[in-house]
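Here is a short briefing to read beside the structure. Start with the overall picture, then follow the topics one by one.

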Amino acid sequence: MNSEQKSPENPYLRIAHITKTFKDLTAVNDVSLDVRKGELVTLLGPSGCGKTTLLRIVAGLEVQDEGEIHQNGVDISRLPPRQRDFGIVFQSYALFPNLTAFRNIAYGLENRKLHRDKIHARVRELMGLIGLPDVGGKYPAQLSGGQQQRIALARALATSPGLLLLDEPLSALDARVRVSLRIEIKDLQRQVGVTTLFVTHDQEEALVMADRIVVMNKGRIEQVGTPEEIYRQPANPFVADFIGVMNFLPARAADDPRRVSCASMDLECAEPHGYPPRSPLTLAVRPEDLRVGPEVQGQGNRASAHLQHVEFLGSFYRLTLGIPGLEKAHLVAEVPITAVRDTDVREGMEMEIQFPPEFLRLYPHQPELSA
Amino acid sequence: MTLPEANVGVSHSLRVARRPRQRVKHRVGLEGILRRVLLALVGVGLMLFLVYPLYRALVRSLQDRSGTFVGLENYIEYFSTPATSISFQNSLYISVVSTVITVVLAFIYAYALTRTTIAGRGILRAVALLPMFIPSLVQALAFIYMFGNNGFITRLLGVNIGLYGKVGIIMSEVFYAFPHALIILSTALALADSRLYEAAESLRTSSRRAFWTITLPGVRYALLSAAFVAFTLALTDFGAPKVVGGDYAVLATDIYTRVMGQQDFEMGATISTILLVPAVLVFVLDRIVQRRQVALVTSNIVPQGPKPHGRLVQMLITVSCVAVAGFILVVYGTVIVGAFTRFWPYNLEPTLRNFTFDIVGVQRRGGALVILWNSVQMAGMTALFGTIAVFVSAYLIEKSRGMSTARSILYLLCVVPLAVPGMVKGLSYIFAFNDPANPLYILYGTMLLLSISTIMHYFTVPFLTAMTALKQLDPEFESIGESLDAPFYRTFWRVTIPVALPSILSIAMYFFLNAMVTLSAIVFLFVPGKEVASLAVMLLDDAGESAQAMAMSLLIVLVGFTARGLFHLATRGVERRTQAWKVR
């Protein structure tokens with residue numbers, strides 16, 4: 001995979017060939033990544049993919065077996081955490097329970113031996129920034145989860161570090177708080193302009209917040225790109241499957257370099273796919289990209305499908321479709337209610353669907369994905 | 001699909017040259033050095049005051065009187081002479097019997113406290129813990145006053161139970177171990193999940209069946225733990241067998257007689273090693289059981305609180321609890337009455353004379369208050385240094401990164417003291433420190449060595465308390481501190497200690513109370529002229545002055561109660577100041 005990002009200017013953070021092994025498990029396997037100044041990059045992946053380990057290596061809380069880390073042009077690979085320049089926020093908040101919110105935020109400033117008035121002013125400023133100007137005298141246990149996490153964020157930003165590390169900061173929070181806080185964090189990050197690494201296993205969080213997403217799996221980087229790139233052009237089936245929902249169908253390259261065959265269907269692609277004729281492939285298409293209803297009439301790439309199941313989800317229908325010749329595979333289509341307003345949608349009926357060529361993606365055959 | 005050539009070229013030029021395969025290590029700053037030095041100090045301390053003395057004792061057991069190596073000859077001699085090896089059998093016998101009795105009584109009592117609605121549970125609990133405040137030989141003294149040939153119960157009932165010997169020892173050991181077993185069992189019983197009982201009830205399970213299928217299996221590891229504790233206490237106790245054992249020799253008294261009576265240090269070392277074997281065995285079993293028990297307790301349980309029982313069950317439980325509590329109170333009462341009586345049982349005139357300690361020896365050294373003060377000093381030092389040693393060790397072992405081999409070895413060394421009987425430790429200290437060739441010989445005959453011996457003897461339980469307290473702290477506190485440029489000792493001082501302060505205080509309390517009553521850990525190390533109170537109790541009893549021994553015990557109990565009260569106040573004050581964060 002293309003794990004090294006090309007960036008014209010000098011990156012603020014450069015991670016080069018980092019490998020870390022725990023006993024017989026390779027947690028991080030030769031990972032390289034460049035992060036630009038002021039960028040918010042999320043490390044996204046399933047649990048155990050090495051994203052948190054990588055973050056802890058950047059912080060110096062774990063020692064890599066191999067590889068280097070450069071921050072702002074300086075090699076920090078061998079520096080203990082205290083000599084590095086970063087702020088960190090954990091899932092557990094890790095607020096000091098015996099110190100008030102104010103003292104927690106001031107903790108790092110006090111270590112810098114700043115004057116009392118300066119500390120006061122800075123803490124006040126931060127508390128305003130996180131929208132909690134009045135909770136300074138409270139202890140962490142007296143604050144809600146969302147408030148605690150904002151205090152933790154303020155504490156991490158207090159000393160104006162060059163790098164902000166967020167280790168699943170929203171995962172312990174209620175769904176509602178999570179949604180509002182992720183926007184707040186993103187705004188705050190832009191306002192402060194701090195380069196940020198954000199670890200999460202929540203794809204929605206990553207899509208909403210990231211300037212760029214790094215998808216990790218089994219210690220390796222699968223793809224790096226903007227949220228749109230990752231979603232629209234997943235580099236491989238893992239990314240396609242992990243981000244959003246994806247239909248996978250077994251297919252075979254046709255003699256015509258722009259066509260593939262899938263069961264009884266003969267589908268056209270937008271561009272030549274480059275696979276040798278007759279090689280087994282996996283065809284991927286997102287549920288929302290499939291088309292049904294009157295607009296399909298007269299288009300290419302059409303097929304007849306059996307409507308097995310209908311779920312009504314308010315603004316759209318989720319249809320489960322069976323395709324003749326693909327008895328084991330199901331096709332899921334999501335269609336806005338506006339698209340089928342005048343069409344009858346009943347379980348058991350036959351309907352026409354269309355595979356728009358521009359939304360089809362082809363990968364080498366993946367037996368575990370296409371049934 | 002291949003990548004276009006140009007791309008490869010660009011990314012190559014950005015590559016950081018790959019270094020040869022060589023493990024990356026962080027630079028060790030001043031802090032890293034400090035951490036390492038402290039960990040090394042912990043290691044050195046444990047080697048000096050635990051491993052080395054035991055090693056010396058082991059070596060001594062393989063020598064004859066002239067110091068030549070004789071292999072296992074001493075052991076063969078011990079086991080092949082029926083007159084001596086009887087102490088091994090006796091020890092096992094009284095330990096097993098008293099373990100069974102202790103666990104049964106403690107289980108009923110714990111059940112009553114945690115699961116039934118019988119009245120006065122708070123008082124019952126307080127009374128049950130009383131035996132922890134007196135040296136183990138004092139209850140034996142009280143038993144003599146009660147059940148001895150001239151005991152008041154003997155006279156009252158006209159039945160002599162034959163106290164001197166195994167009966168007396170077993171009674172004393174049960175009395176001694178009861179509160180320890182009770183604490184373990186009532187903790188476990190309080191942790192049972194009420195939803196199991198609700199499920200059983202919904203399936204129309206009889207309460208008897210629920211008891212056998214839910215209650216007992218739920219506390220099986222705690223029952224084992226309680227049994228191990230009771231067994232170890234009985235096996236290694238010295239005070240009670242000394243006072244009430246008569247001709248019935250057990251290992252602990254055997255060691256004492258060999259060393260103090262016959263100056264036969266080699267055989268003393270041999271018997272010590274023999275005593276060490278079952279103690280270590282039980283210790284290993286207990287560690288295995290403990291590990292399983294931890295897995296059994298999940299965090300989100302709904303505790304099964306007290307529930308009313310059938311009238312008959314309730315009555316039986318009440319009767320047995322009141323009997324046990326009453327017995328404890330009578331023993332205490334006997335000590336009090338004995339301390340204020342001129343000459344039990346012939347002259348029952350109340351007197352304060354016993355508190356003058358006017359026998360040769362005690363008086364010459366300044367009287368009771370000086371001896372008591374020695375004890376308080378010793379216990380204070382033990383509490384102070386012991387708490388620091390325990391908490392710092394636990395912190396360094398739990399909250400350091402890397403050095404995992406060194407840390408797990410240190411952990412092991414920190415839990416081992418539990419397996420070493422006090423007599424063995426005391427004797428091993430003679431071998432190690434009463435040796436002019438050892439630079440630490442200067443410690444010999446000082447209060448400080450008494451303290452160190454006591455600290456090492458009681459090291460494990462506070463260590464595990466500290467580990468538990470530290471494990472409850474977010475492991476990321478240290479990471480946060482480092483990210484905010486705070487040296488680890490600052491986070492330790494500003495966060496770790498304040499948050500763990502209640503645990504720290506209870507550790508200090510544990511050291512203090514045990515140092516006040518311990519006998520076995522110091523009986524070989526005392527310095528003439530600097531006796532501590534628990535030792536004075538033994539010496540007074542040796543001199544036939546039971547009444548004065550009781551008076552001295554009473555003073556020990558008073559100090560214990562006072563310390564306990566102060567501890568309570570201190571904890572409350574501390575909680576108000578440093579634990580304010582707990583209040584929502």
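Among contacts in chain B between residues at least 6 apart in sequence, what percentage join residues at least 24 apart? It is 81%. This is a predicted model. The points below begin with chain B and end with a sheet in chain A.

**Overall build of chain B**
- Chain B holds 24 helices and two strands.
- Its C-alpha atoms fill a box of roughly 110 × 75 × 50 Å, taken along the principal axes.
- The radius of gyration of chain B is 27 Å, which agrees with the value near 25 Å for a compact globule of 584 residues.
- Of those 584 residues, 45% count as buried.

**Two domains in chain B**
- The domain assignment splits chain B into domain 1 (10-61 + 352-584) and domain 2 (71-351).
- Domain 1 of chain B is thus written as two stretches, and domain 2 of chain B as one.
- The C-alpha centres of these two domains of chain B lie 26 Å apart.
- Their contact takes 35 residues from domain 1 of chain B and 36 residues from domain 2 of chain B.
- On the domain 1 side of that contact, four elements of chain B give two or more residues: α2 (30-61), α18 (422-433), α23 (533-542) and α24 (546-578).
- Helix α24(B) provides the largest share of that side, with eleven residues.
- By type, the residues on the domain 1 side divide into 24 nonpolar, eight polar and three charged.

**The nonpolar core**
- In soluble globular proteins, nonpolar side chains tend to be buried together.
- Here the largest nonpolar core has 277 residues.
- Helix α22 (residues 488-517) of chain B gives the largest share of this core, 16 residues.
- Both domain 1 and domain 2 of chain B supply at least three residues to this core.
- Which residues have the most contacts inside this core? They are A106(B), A181(B) and L185(B).
- Take L185(B): leaving aside neighbours within four places in sequence, L185(B) is in contact with A106(B), F107(B), A110(B), V219(B), A222(B) and A226(B).

**A sheet in chain A**
- Strands of a sheet pair through backbone hydrogen bonds, either parallel or antiparallel.
- Chain A has an open sheet of four strands, in the order β2-β1-β4-β5, with antiparallel pairing.
- Its edge strands are β2 (25-35) and β5 (74-75) of chain A, and each pairs on one side only.
- Strand β1 (residues 13-22) of chain A is joined to β2(A) by seven bridges.
- I15(A) stands opposite L33(A) in β2(A).

Terms used
Residues numbered from 1 in each chain as written. Chains lettered and ligands numbered in written order. Predicted model: local features only at pLDDT ≥ 70, side-chain atom pairs only at ≥ 80, totals over all residues. Domains from an automatic or database assignment. Contact = placed C-beta atoms within 7 Å. Nonpolar A, V, L, I, M, F, W, Y, C, P; charged D, E, K, R; others polar. Pairing = 2+ DSSP bridges. Rg over C-alpha atoms; globule rule 2.2 N^0.38 Å. Buried ≥ 20, exposed ≤ 12 C-beta atoms within 10 Å, placed from the backbone. Core = buried A, V, L, I, M, F, W, Y, C linked by C-beta atoms within 7 Å.
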